[in-house]
Amino acid sequence: MTKSKSRALCTDPVWLGRADCKHCGIRHMMLFSGLQDSDLDHILEPIDNLRYSQKCVLYNQGHKDNKLYSIRRGIIKLVQTQADGSQRIVRVLGAGAITGLEALLGNPYRHSAIVLETIDACRITAATLEHLEAEKPWLNEKVMAHWEQHLSAADRWISEVSSGSVRSRTLKLLHFLVELNGGQGDTVHFFSHEDMASMLGTSRETFSRIIAELKDEGVISGTPDSRIFRISAGS
């Protein structure tokens with residue numbers, strides 16, 4: 001499949017090889033953190049390590065597949081399409097998160113997972129995880145913990161990013177994105193204004209106006225041609 005600038009979305013990952021859990025820099029955050037390297041030697045299907053570029057689709061809403069994804073680096077957005085065709089970003093996920101857990105239940109994916117910032121991910125089949133869980137029952141607890149993290153993230157998204165004035169929601173979103181990038185310092189990486197507005201459930205024009213006001217007030221600062229902004233203390 002060829003790629004072109006006119007192609008809005010792609011589904012072509014770059015295969016980096018078999019997952020190398022032994023040398024994973026964030027293994028402590030990942031699903032298989034408690035496994036020994038030998039535990040992965042005899043699995044029925046390999047765990048693939050892949051890189052997906054910006055705008056690539058991991059899976060589409062309503063599609064049924066047997067794969068889930070453990071994110072090592074980068075950020076994805078979960079997009080929900082409504083009956084009228086409108087779309088809303090309902091969550092963003094970063095390093096250490098697992099997406100596509102519906103595959104474990106044989107259910108269709110509830111959202112479309114699209115790459116916001118190039119990701120490095122491990123692709124795992126449901127059969128592989130079920131095989132490992134049969135041998136390592138404690139692994140089921142880790143899977144349940146990831147379900148709980150998804151639920152907590154959804155609750156927080158609803159309470160903080162989906163309620164209140166657009167200004168307050170914008171500030172909460174900016175702090176959320178700082179945390180998503182590891183909570184280092186007070187800088188935040190902006191995505192497109194369309195994506196940011198979709199996260200907030202508002203228009204691109206309204207989001208742009210709020211950001212302009214926050215810049216004028218000194219709440220955030222950054223060069224006009226950059227998507228990296230600094231949030232002032234106490235904002």
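At what angle do the axes of helix α1 and helix α2 cross?

**View 1. Helix α1 against helix α2.** In this predicted model, the axes of α1 (residues 126-135) and α2 (residues 138-161) cross at roughly 130° and come within 6 Å. An angle over 145 degrees would count as roughly antiparallel and 65 to 115 as roughly perpendicular, so α1 and α2 are oblique to each other. On the α1 side, the contact uses Leu 129, Leu 132 and Glu 133, and on the α2 side it uses Leu 139, Asn 140 and Val 143. By type, the contact residues split into 4 nonpolar, 1 polar and 1 charged.

**View 2. The open sheet with β8, β10 and β9.** Here you're looking at an open sheet of 3 strands, in the order β8-β10-β9, with antiparallel pairing. The edges are β8 (187-189) and β9 (220-221), each of which pairs on one side only. Between β8 and β10 (residues 228-231) there are 3 bridges, again in the antiparallel sense. To get your bearings, find Thr 187, which stands opposite Arg 230 in β10. Helix α3 (residues 166-180) lies across β8, β9 and β10, and runs at about 90° to β8.

**View 3. Arg 227 and its neighbours.** Stay with the strands of View 2 and pick out Arg 227, in the loop between β9 and β10. Which residues does Arg 227 touch, leaving aside those up to four places away in sequence? Val 188, His 189, Phe 190, Phe 191 and Ser 192. Take His 189 from that set: His 189 and Arg 227 are 38 residues apart in sequence, yet their C-alpha atoms sit 5.7 Å apart in space. Is Arg 227 buried, exposed or partly exposed? Its relative accessibility is 45%, so Arg 227 counts as partly exposed.

**View 4. The β4-β5 hairpin.** Strand β4 (residues 67-81) pairs with β5 in the antiparallel sense over 6 bridges. The two strands form a hairpin with 5 residues between them. One bridge to look for joins Thr 81 to Gln 87 in β5. In the turn, Gly 85 has a positive phi of about 95°. As for β5 (residues 87-93), this strand is mostly covered, with 5 of its 7 residues buried.

**View 5. Lys 55 and its backbone.** Most residues other than glycine have a negative phi. Lys 55 goes the other way, with a positive phi near 80°. You'll find Lys 55 in the loop between β2 (48-52) and β3. With a relative accessible area of 47%, Lys 55 is partly exposed.

**View 6. The chain as a whole, and how far to trust it.** Pulling back, the chain has 5 helices and 10 strands. Of its 235 residues, 43% are buried. Among contacts with a separation of 6 or more, 70% are between residues 24 or more positions apart. The mean pLDDT of the chain is 81, with 79% of residues reaching 70 or more. Where is the confidence lowest, and where is it highest? It is lowest in α2, at a mean of 79, and highest in strand β3 (residues 57-59), at 95. Then there's the stretch at residues 1-8, where pLDDT is below 50 and the model shows 8 contacts beyond near neighbours in sequence. Where pLDDT is low, the predicted coordinates should not be read in detail.

Conventions
Residues are numbered from 1 along each chain as its sequence is written. This is a predicted model: local features need pLDDT of at least 70, side-chain atom pairs count only at pLDDT 80 or more; totals for chains, interfaces and linings use all residues. Side-chain values use heavy atoms; hydrogens and water are left out. Axes are lines fitted to C-alpha atoms, for helices over the stretch in contact, and angles run from 0 to 180 degrees between N-to-C directions. Helices (H or I, at least four residues) and strands (E, at least two) are DSSP runs, numbered from the N terminus. Angles under 35 degrees count as roughly parallel, over 145 as roughly antiparallel, 65 to 115 as roughly perpendicular and the rest as oblique. Contact means heavy atoms within 4.5 Å. Ala, Val, Leu, Ile, Met, Phe, Trp, Tyr, Cys and Pro count as nonpolar, Asp, Glu, Lys and Arg as charged, and the others, Gly among them, as polar. Two strands pair if DSSP finds at least two bridges between them. pLDDT is the predictor's confidence in each residue, from 0 to 100. Buried means under 20% relative accessible area, exposed over 50%, partly exposed in between (1.4 Å probe, protein chains only).
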